[in-house]
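Please look through the structure below with the sequence beside it. The explanation that follows takes up a few of its parts in turn.

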Amino acid sequence: MQDLGGKPVIVRTYEATKDTRLFDEVYVVTDSELIFKEIELNGGKAIMSIKEHDCGTDRIAEAVEDMDVDIVVNVQGDEPFTSKSGLKQVLSVFDGPDADKIDLASLMTEIYDWKEISDPNSVKVIVDKENFALYFSRSPIPYPRDKNAAVQYYKHKGIYAFRKKALLDFYRLPMRPMEAVEKIECIRFLEYGKNIKMAISNIQSIEIDTPDDLIRANKVLKDGNNIVVNNQYRNFPMVPKVVYGRGSFDQLSSILAPQRKDKAPFIYLVDDVFKDNADIIDRMNLRFNDKLIFVSAEEEPKTEQVDTIVKNIKGEFTYIPSGIIGVGGGSVLDLSKAVSIMLTNKGSAADYQGWDLVNTKSIYHVGVPTISGTGAEVSRTTVLMGPEKKLGINSDFTTFDQVLLDPDLTASVPKDQWFYTGMDCFIHCVESLNGTFLNEFSKSYGEKAYDLCKEIFLSDNLSEVESRGKLMMASWHGGMSIAYSQVGVAHAMSYGLSYVLGIKHGIGNCIVFDHLKEYYPEGVRIFKEMKDYHNIKLPQGICNNLTEYQMNTMIDIALSLVPLWENALGDDWKSKITRDKLQDLYLKM
Ligand SMILES: [Fe+2]
C-alpha cells in the first residue's frame, strides 16, 4: 500500500500487468481488506482469500480452483516494473515443441558476480540441456571446485506460469524436507517430479522489498524511465571468444567439438563462391549429421530467406542444431546470426527487425569472415531486407559466440569487392568519429581502424599478406567503433539505395559517400584519393530513371533510420535534413 508516484505499489503492479495485454484476465488475490478495496476502487478485479495460506502459490491455487483457466501466471505484488518481455518469455515456453512436458515455467537471469552467486538471498537454479530445472538452492550450484571452470550461473526470478493442474497439485501436496530446509517454494514441484521449464531473461527490474527500493522506484518513475532501469550507459555484449591467425581455419572443428550436443548437427552456412573449393570444404571436417548449406551473397540477405532456412532445418532435424557456422562475407555472417536467433524465437525474422526485440537466447553461432570490412563478425546487429524495411535485428543475442579470423581466407576476394567492402569499414570509422554519439570507447577503436585503412589503401609498401591481416583487424575495430556509437548519413542513404535498387551494401556506401563532402569533408577527400589510387570507377546516374514512388520509398527508408541521423546530425536532425535535400543528393549519384 506504500505510495509509488501517487498510487499504491499494488495498484501500479496490477496496472502494469494489465497493460501488457498478454492475459485474458488479471486479478489481485489478497487476504487484506484494505488491498481488496483499493483495487476495486481503482476499477480493478480482486479476490479475497477464503482460507489462510502459507504462500502466494497456495493463495492463487485456491482462487483459480473453480475458474476455467489453462495457464496461470503469478506476478508478485511488489513488482510494479514487471516487464512485458519477461512475462512474454515465460508464456512462450508453452508454445515450444516440448510444451506437453511442461508443468510450469519460470525465469532465470545470468549472474557473474561471485558475491551474488554466494548470496543466500539470491536463489540459484541449475538446468538440464533443454533448460528444465534440476534444482534450486540458496547455495552456489554447481559448486565450483575448480574456480576457473567455465560455467554459467543463473539466478531464479520469481515469475511463474503454471498449468492449472500443476498449481492445484501444489496446493494439495504437503511440503517435503528440501523445500522446508531451503525455504524455496518451487522445490516442492521438483520433489513431486514436476517439470519446470526455465527461460532466460536478462532484463533488470526493480523489486520493492525495502524502503530504499521504494525511493529508487519513485525516482525511476519520476524520470519517466519506466521499465528498463539500468540504462544510463548501455551494457553491450562483445564476442566472447576469438581466434586470429593465418591457417587458424584448421582449428574450427576442434573449437566446435565441445559444443556438440547428442544427435544435434552443426549447420554450416557457406558463401556459394566456395562451392567448388574442395580444400575449404575438407577443412571444415563435417561429422555425423552435420549439414552444409551454400548461400548466395549476390543479393542482400532477406527476412524471408532466414525464415525458409529455419523452416528447412526444423523440418529436417528433430533436435535444435548444436550450432550455426557462417563462412562468408557480411551477408552470410548476418544470415547466420539471424538463423541462430530464429531457431529459438517464434514467428518471422521480420518481427524482430529493430532494437532489442529478441526475447530468447539464440543458439550457439560462429562467424568466419572470408572478406573484411563490414564488421559483421563483431557487431550486435544483423542487417536484413524485410517486407517493409531494411533494418538490423539489433540484440544482445545477435553477437557471435565465437569468431575465427583467418586472413588467408580472404585471399581470393576480387579487387573491386575488396575495395568496396574495405570502404565500408573506412566509412564506419568516418561516421562514428564524426558522430554526436562519439565517446572515448568508440574513438579508440575508430581511430585505429581509420589509420589502418589509410595504410592499406594509400601506401604501397605493404605485402598482400600484411595487407590482408591489417584489413581483417581494421574491420574488427571499425565494427567495435560503431558498437558503442552509430553509423551516419552514408549508411542511412545507402540503405535506401539497396532497398529500392538492390544495390549491395559496400558499393552502395561508396556511391553515396562520394557525394557527402558537405557532411564529411576530410573523409570524403581521402576516400576520393583511395578511389583514384586503385582506379575504381563507380556507376553514375543510378537514380535518374526512378519513378516518383521509388524515390519516395528510398527517402522513407533513409529517414526511418532515426538513430543514424541522430548520431550524424544531433537531436534536431529533422530541421537539418529534408526530403528535398535527400532527393537532390540521390539525383547526383
Ligand atoms: Fe556498413
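In this predicted model, strand β7 (residues 124–127) pairs with strand β9 (residues 153–163) in the antiparallel sense, and two bridges join them. One place to find this pairing is K124, whose bridge partner in β9 is K155. Strand β7 also pairs with strand β8 (residues 133–137), again in the antiparallel sense, over four bridges. Here V127 stands opposite A133 in β8. The strands β7 and β8 form a hairpin with five residues between them, and in this hairpin N131 takes a positive phi near 65°. Strands of a sheet pair through backbone hydrogen bonds, and the pairing may be parallel or antiparallel.

Further along the chain is another sheet. Three strands make up this open sheet, in the order β15-β18-β17, and their pairing is mixed. Its edge strands are β15 (354–355) and β17 (383–385), each of which pairs on one side only. Strand β17 runs antiparallel to β18 (residues 390–394), and three bridges join the two. Within this pair, L384 stands opposite L391 in β18.

Now turn to the helices. How do α15 and α16 lie relative to each other? Helix α15 covers residues 440–458 and helix α16 covers residues 464–483; their axes come within 8 Å and cross at roughly 150°. Because angles over 145 degrees count as roughly antiparallel, α15 is roughly antiparallel to α16. The crossing of these two helices is left-handed. On the α15 side, the residues in contact include F441, Y445, L452 and F457, and on the α16 side they include L471, M473, H477 and M480. Sorted by class, the contact of α15 with α16 has 11 nonpolar, six polar and three charged residues.

After α16 comes a loop that leads to α17 (489–501), and V487 has its place in this loop. Is V487 buried or exposed? Its relative accessibility is 8%, and buried means under 20%, so V487 counts as buried. Leaving aside neighbours within four places in sequence, V487 is in contact with H428, E431, I482, L564 and N567. Take N567 from that list: V487 and N567 are 80 residues apart in sequence, yet their C-alpha atoms are 7.2 Å apart in space.

Conventions
Residues are numbered from 1 along each chain as its sequence is written. This is a predicted model: local features need pLDDT of at least 70, side-chain atom pairs count only at pLDDT 80 or more; totals for chains, interfaces and linings use all residues. Side-chain values use heavy atoms; hydrogens and water are left out. Two strands pair if DSSP finds at least two bridges between them. Axes are lines fitted to C-alpha atoms, for helices over the stretch in contact, and angles run from 0 to 180 degrees between N-to-C directions. Angles under 35 degrees count as roughly parallel, over 145 as roughly antiparallel, 65 to 115 as roughly perpendicular and the rest as oblique. A crossing is left-handed if the near helix is turned anticlockwise from the far one by less than a right angle, and right-handed if clockwise. Contact means heavy atoms within 4.5 Å. Ala, Val, Leu, Ile, Met, Phe, Trp, Tyr, Cys and Pro count as nonpolar, Asp, Glu, Lys and Arg as charged, and the others, Gly among them, as polar. Buried means under 20% relative accessible area, exposed over 50%, partly exposed in between (1.4 Å probe, protein chains only).
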